[in-house]
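Student: Please take one part of this model and go through it closely. Then work outwards from there to its surroundings. Keep it brisk, and give me the cut-offs as you go.

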Amino acid sequence: MEDEEGYSLPMVQLKGEGQGYYLSVSDKKLIRVNRKSEFFLLPWKHKTDDKRCYIYSHYNWMTGCIFDVFIDDIEFIGGN
């Protein structure tokens with residue numbers, strides 16, 4: 001995935017083990033995800049909170065999902 005200028009988006013994982021529930025922006029509900037899945041950090045500013053960000057995952061059967069998470073809950077993993 002690339003930004004508007006053609007640069008690759010940073011890849012991240014969620015901190016912790018196992019699965020967790022995170023707010024899906026598109027579904028407007030909590031969705032259970034594997035924290036060790038690979039996500040893309042989106043270059044969007046959060047609407048209301050500077051301590052939050054948006055990450056993207058293909059989620060299930062290539063259906064994209066955008067999650068609203070705390071910046072402190074992600075760790076950068078680099079490209080694959």
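**Close-up**

Tutor: Gln13 counts as buried, at 16% relative accessibility. Buried means under 20% relative accessible area, exposed means over 50%, and partly exposed is in between (1.4 Å probe, protein chains only). The model is predicted, so local features need pLDDT of at least 70 and side-chain atom pairs count only at pLDDT 80 or more, while totals for chains, interfaces and linings use all residues. Residues are numbered from 1 along each chain as its sequence is written, and side-chain values use heavy atoms, with hydrogens and water left out.

Gln13 sits in strand β1. Strands are DSSP runs of E with at least two residues, and helices are runs of H or I with at least four, numbered from the N terminus. Set aside the neighbours within four places in sequence, and Gln13 is in contact with Arg35, Lys36, Ser37, Phe39, Asp73, Ile74, Glu75 and Ile77. Contact means heavy atoms within 4.5 Å. A polar atom of the Gln13 side chain lies 2.9 Å from the backbone oxygen of Lys36.

Two of those contacts, Lys36 and Glu75, also pair with each other. Their side chains meet in a salt bridge, at 3.4 Å from N to O. The pair links distant parts of the chain, 39 residues apart: Lys36 is in the loop between β3 and β4, Glu75 in strand β7 (residues 74-76). A salt bridge is a side-chain nitrogen of Lys or Arg within 4 Å of a carboxyl oxygen of Asp or Glu. Lys36 is partly exposed, with a relative accessible area of 32%. Glu75 is partly exposed too, at 28%.

The whole structure holds two salt bridges. Arg52 and Asp68 form one, with side chains meeting at 2.8 Å, N to O. This pair also joins distant parts of the chain: Arg52 in strand β5 and Asp68 in strand β6 are 16 residues apart. Both partners are buried. For Asp68 the relative accessible area is 11%. The Asp68 and Arg52 side chains also count as a polar contact, at 2.8 Å. That term means a pair of N or O atoms within 3.5 Å; within protein, one must be able to donate a hydrogen and the other to accept it, and residues adjacent in sequence count only if both atoms are side-chain atoms. Beyond the neighbours within four places in sequence, Asp68 is in contact with Leu23, Val25, His46, Arg52, Cys53 and Tyr54.

Leu23, one of those contacts, leads to the surface. It lies in strand β2 (residues 19-24) and is partly exposed, at 34% relative accessible area. Leu23 joins Tyr21 and Leu30 in a nonpolar surface patch with about 320 Å² of accessible area together. Ser24, also in β2, is buried at 0%.

Now the interior. Phe39 and Ile74, both in contact with Gln13, are among the residues with the most contacts inside the largest nonpolar core. The others so named are Leu14, Val33, Ile55, Phe67 and Val69, and this core has 13 residues. β1 (11-14), β3 (29-34), β4 (39-41), β5 (52-60) and β6 (63-70) each supply at least two of them. The largest share, three residues, comes from β6. A second, separate core of seven residues includes Leu9, Met11, Tyr54 and Tyr56. A nonpolar core is a set of buried Ala, Val, Leu, Ile, Met, Phe, Trp, Tyr and Cys residues joined through side-chain atoms within 4.5 Å. In soluble globular proteins, nonpolar side chains tend to be buried together.

Met11 is in β1 and is buried, at 8% relative accessibility.

Last, a distant residue. Gln13 and Lys28 are 15 residues apart in sequence and 21 Å apart in space, C-alpha to C-alpha. Lys28 lies in the loop between β2 and β3 and is exposed, with a relative accessible area of 71%. Its phi is near 55°, a positive value in a residue other than glycine. Most residues other than glycine have a negative phi.

Key:
Patches are made of residues with over 30% relative accessible area and no salt bridge: like charges are joined within 9 Å, nonpolar side chains (Val, Leu, Ile, Met, Phe, Trp, Tyr) within 5 Å. Accessible areas come from the Shrake-Rupley method with a 1.4 Å probe; for residues, only the protein chains shown count as cover.
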